[in-house]
Amino acid sequence: MKLVLATSNKGKVREIRELCKAYEVVPYTDLIEAFEIVEDADTFKDNALIKARAVYEALGDEDVVVIADDSGISVDVLGGAPGIYSARYAGENASDKENLYKLIEDIKAKGVTSSPAHYTAAIAIVTKNKEKTVHGWMYGTAITEAIGDGGFGYDPMFIPEGFDKTLGQLDDDIKKELSHRSKALRLARVVLQTL
Ligand SMILES: O=c1[nH]c(=O)c2ncn([C@@H]3O[C@H](COP(=O)(O)OP(=O)(O)OP(=O)(O)O)[C@@H](O)[C@H]3O)c2[nH]1
Ligand SMILES: [Mg+2]
């Protein structure tokens, strides 16, 4: 089965391909031109549905299976920010690096050098007659330093529970095993088997 990914984030495409090896995983931008999707819902779940539905409609092929991922990091000392705003924390077209350094500065401004934090991933699956969503979470600590260059986004400042290194330093296989995205995709694979 072919899965079309409703994302323009290369880090997500890489990880989802690794985690769904039984499927042919194709970013929608390989099939049609990229277009802007306004993610204006107030939950990860609803934003994932917005992206998956938009790409399903745009493809115009009723037999296609579309998957979208909406995800982000929530930091306790910041009251759960940036959460659903993680991609645009430092501004509308901010880079991963700009978002990362803003988060570090905002945690420092609270007078601490670390805080409990977690990642959330919502995955939406949209087909001709079904819409399903699943979630996954990864808990750990956000620190006020960026260490390592593995993963993407905020990974260099996130230490998963049970480890003493950031996701930027740890082997890709560790993130593959315990990430929010891998947990959500494990459930998504169960849903895919029922299609
Ligand atoms: O270090 C990270 N490791 C992760 O595993 C991870 N998962 C999500 N994020 C961050 O959360 C936002 C997602 O926003 P998002 O879901 O809107 O995606 P996006 O806008 O990048 O692409 P798209 O899928 O919407 O096209 C982005 O800032 C990501 O950097 C992560 N950061
Ligand atoms: Mg986005």
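**Close-up views of a predicted protein model**

**View 1. Strand β3 is covered on both of its faces.** On one side of β3, residues V65, I67, D69, S71, I73 and V75 are all buried, and on the other side V66, A68, D70, G72 and S74 are buried as well. Here, buried means under 20% relative accessible area, exposed means over 50%, and partly exposed lies in between, for a 1.4 Å probe and protein chains only. Because 11 of the 11 residues of β3 are buried, this strand is largely enclosed by the rest of the structure. Helices (H or I, at least four residues) and strands (E, at least two) are DSSP runs, numbered from the N terminus.

The views show a predicted model, in which local features need pLDDT of at least 70, side-chain atom pairs count only at pLDDT 80 or more, and totals for chains, interfaces and linings use all residues. Residues are numbered from 1 along each chain as its sequence is written, chains are lettered from A and ligands numbered from 1 in the order in which they are written, and side-chain values use heavy atoms, with hydrogens and water left out.

**View 2. Strand β3 pairs with β1 and with β4.** Two strands count as paired if DSSP finds at least two bridges between them. The pairing of β1 with β3 is parallel and has 3 bridges. Within it, V4 has V66 of β3 as its bridge partner, while L5 stands opposite I67. The pairing of β3 with β4 is antiparallel and extends over 10 bridges. In this pair, G72 faces T120 of β4.

**View 3. A right-handed β-α-β crossover joins β1 to β2.** Strand β1 (residues 2-5) runs parallel to strand β2 (residues 24-27), with 4 bridges between them. From β1, the chain passes through helix α1 (residues 10-19) to reach β2, and the crossover is right-handed. This term applies if, with the strands pointing away from the viewer, the path from the first strand over the helix to the second runs clockwise. In the pairing of these strands, K2 has E24 of β2 as its bridge partner.

**View 4. The magnesium ion (ligand 2) has protein donors from E39.** Both listed donors are OE atoms of E39, lying 2.3 to 2.8 Å from the ion. Donors are N, O and S atoms within 2.8 Å of the metal (3.2 Å for Na, K and Ca); water is not among the atoms, so sites may look incomplete. E39 itself is located in the loop between β2 and α2 (44-59).

**View 5. The loop between β3 and α3 contains V77 and P82.** This loop connects β3 (65-75) with α3 (96-108). V77 is partly exposed, with a relative accessible area of 29%. Leaving aside residues up to four places away in sequence, V77 touches I107, K110, V112 and S115; a contact means heavy atoms within 4.5 Å. V77 and G111 are 34 residues apart in sequence, and their C-alpha atoms are 9.9 Å apart in space. In the same stretch of views, the peptide bond from A81 to P82 is cis, with omega near -5 degrees.

**View 6. T127 is a buried loop residue between β4 and β5.** The loop that holds T127 links β4 (114-126) to β5 (131-143). The relative accessible area of T127 is 10%. Apart from residues up to four places away in sequence, T127 touches Y56, V64, V65 and L195.

**View 7. The protein chain as a whole has 5 helices and 6 strands.** From the N terminus on, these elements follow the order β-α-β-α-β-α-β-β-β-α-α. Buried residues account for 49% of the 195 residues. Along its principal axes, the C-alpha trace spans about 55 × 30 × 25 Å. Among contacts between residues at least 6 apart in sequence, 58% join residues at least 24 apart.
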